Amino acid sequence: MMKKSLLLVLACLVFWVHPVHSKDENLHIVFIPKSSDQEFWTFMRQGVEKGIHEAGNISLTWRGPSYNDDTDSQIMILQEYTRPGIDAIIIAPTDRVRLVDPIRKAVASGIKVVVVDSAVNGKHHLNFIATDNYAAGQLAAQHLSALLNARGNVVVFRIVAGSASTDDRANGFIAYLKKNSPMMTIIADTYGGGSRGKALRSATGLLKETHQIDGIFAVNESASDGMLRALRSAGLAGKIKFVGFDSTRFLLEGLEKQEIDGLVIQNPRQMGYLGIKAAVAAINNSPIKDRTLFTDTTMVTRENYQSPAIQKLLIP
């Protein structure tokens with residue numbers, strides 16, 4: 001009797017690890033973003049919806065933490081959906097180390113995992129689809145260096161430690177200046193927090209404590225938002241060269257008013273679309289061979305932001 005029970009359990013496990021889908025059967029894909037407080041994820045979801053429309057047989061669950069720095073909540077969400085009936089999970093990890101084991105467990109249970117936007121350690125996931133964030137940070141450094149004639153005091157304003165995408169941007173920025181603009185000095189390299197409110201408070205304190213700032217690089221949407229608000233409150237908006245990352249109507253207003261001198265713009269629609277394509281291919285046992293796929297990056301300035309091609313990237 002015990003042998004029969006054991007065989008039944010093993011059969012169930014085999015069926016769970018290797019599900020068979022008919023052509024018309026819905027695939028259940030879970031998308032776990034980093035947060036829900038940034039327009040970046042609105043762009044991303046538009047790309048996801050396009051991919052779902054083309055596939056025609058996907059049931060989507062979209063659920064993530066409220067803020068970039070709430071890794072505990074993201075882990076709990078991932079664990080909740082590591083269960084039978086889930087075919088694939090697409091996740092933008094808030095922390096490159098702490099998400100490794102939960103992703104490993106999801107993959108071990110038979111779920112296909114695709115990582116987007118921000119890298120995670122380990123090799124359990126099938127594909128990584130993102131901006132080349134190190135190169136994007138170098139693009140920001142090149143632009144700020146040109147604005148300052150390759151000299152002056154610079155601040156790097158990050159979000160949270162362990163966020164691979166934003167740390168890669170900051171590291172690319174710093175490496176470019178060290179190599180190409182040695183007369184530019186980084187006088188502060190600060191983590192401001194994972195929400196607009198935390199970024200505003202951190203940026204306000206930074207501007208009070210740090211003097212003779214010539215240029216600032218903020219590494220993402222919330223950091224750019226908080227820094228712009230802090231610069232305005234301090235009466236420094238437009239007086240310090242400022243390169244931000246991502247776009248919102250508020251940040252574009254800063255660009256128009258010459259308070260922001262450049263925004264590095266990603267293509268999250270493309271990222272979300274390719275994420276769905278990779279997940280569906282993996283479920284159908286024909287995974288995309290290129291493990292890493294980089295999406296487009298553009299430097300947006302007052303001179304080019306009204307062009308039709310760039311406008312498509314700016315407004316959700």
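Analyst: Before we start, one cut-off: a residue is called buried when its relative accessible area is under 20%, exposed when it is over 50%, and partly exposed in between. Please keep in mind that this is a predicted model.

User: Thanks! With that cut-off, is D117 buried or exposed?
Analyst: D117 sits in the loop between β4 and β5. Its relative accessible area is 3%, and the limit for the lowest class is under 20%. D117 therefore counts as buried.

User: What is the phi of D117?
Analyst: D117 is not a glycine, yet its phi is positive. The residue belongs to the loop between β4 and β5. The phi is about 75 degrees.

User: Which residue forms a salt bridge with D117?
Analyst: The closest N and O atoms of this pair are 3.6 Å apart, and the criterion asks for a separation within 4 Å. Both members of the pair are buried. The partner of D117 is K34.

User: How many residues apart in sequence are the parts that K34 and D117 tie together?
Analyst: K34 is in the loop between β1 (27-32) and α2, whereas D117 is in the loop between β4 (112-116) and β5 (127-131). The pair therefore ties together parts of the chain whose separation in sequence, in residues, is 83.

User: Let's turn to empty space. How many cavities of 30 Å³ or more does a search of the whole structure find?
Analyst: The largest cavity has a volume of about 90 Å³. The second largest holds about 60 Å³ of space. For cavities of 30 Å³ or more, the search of the whole structure gives a count of two.

User: Which element gives the largest share of the lining of the largest cavity?
Analyst: The lining has 13 residues, and K34, Q38, D117, R169 and N220 lie nearest the centre. Two elements give two or more residues to it, α2 (40-55) and α6 (164-180). The largest share is three residues, and they come from α6.

User: How many residues in the lining of the largest cavity are charged?
Analyst: K34 and D117 are among the residues nearest the centre of this cavity, and they form a salt bridge with each other. The lining also has three nonpolar and six polar residues. The number of charged residues is four.

User: And how many residues in the lining of the second largest cavity are nonpolar?
Analyst: The lining includes F40, F43, E221 and D246. Two of the lining residues are polar and three are charged. The nonpolar ones number five.

User: How many salt bridges does the structure hold?
Analyst: One of them joins R63 to E80, at 2.7 Å from N to O. There is also a network of salt bridges that links R196, E221, D225 and R229; E221 appears in the lining of the second largest cavity too. The total for the structure is 18.

User: Is R63 buried, exposed or partly exposed?
Analyst: R63 lies in the loop between β2 (58-62) and α3 (71-80), and E80 lies in helix α3, so their salt bridge ties together parts 17 residues apart in sequence. E80 has a relative accessible area of 36%, which makes it partly exposed. R63 has a relative accessibility of 33%, so R63 counts as partly exposed.

User: Which residue forms a salt bridge with D69?
Analyst: D69 is in the loop between β2 and α3, and the other member of the pair is in helix α7 (residues 196-209), 129 residues apart. D69 is partly exposed at 27% relative accessibility, and the partner is partly exposed at 35%. The closest N and O atoms are 2.7 Å apart, and the partner is K198.

User: Which strands stand at the edges of the open sheet?
Analyst: The six strands pair in parallel in the order β2-β1-β3-β4-β5-β11. Twist from one strand to the next averages 20 degrees. The two edge strands each have a single partner, so one side of each is left without a neighbour in the sheet; they are β2 and β11 (292-295).

User: What is the bridge partner of I89 in β4?
Analyst: Strand β3 (residues 88-91) runs parallel to β4, and four bridges join them. In β4, I89 has as its bridge partner V113.

User: Last one: is N149 buried or exposed?
Analyst: N149 lies in the loop between α5 (133-147) and β6 (152-158), and it has a positive phi of about 55 degrees although it is not a glycine. Its relative accessibility is 60%, and the cut-off is over 50%. N149 therefore counts as exposed.

Key: Residues numbered from 1 in each chain as written. Predicted model: local features only at pLDDT ≥ 70, side-chain atom pairs only at ≥ 80, totals over all residues. Heavy atoms only, no water. 1 Å grid on protein atoms, 1.4 Å probe; cavity = no way out; pocket = protein on both sides within 12 Å on 5 of 7 lines; lining within 4 Å. Points joined across faces, edges and corners; volume = space filled by probe spheres on them. Nonpolar A, V, L, I, M, F, W, Y, C, P; charged D, E, K, R; others polar. Salt bridge = Lys/Arg side-chain N within 4 Å of Asp/Glu carboxyl O. Buried < 20%, exposed > 50% of the residue type's maximum accessible area, 1.4 Å probe, protein only. Pairing = 2+ DSSP bridges. Axes fitted to C-alpha atoms, helices over the stretch in contact; angles between N-to-C directions.
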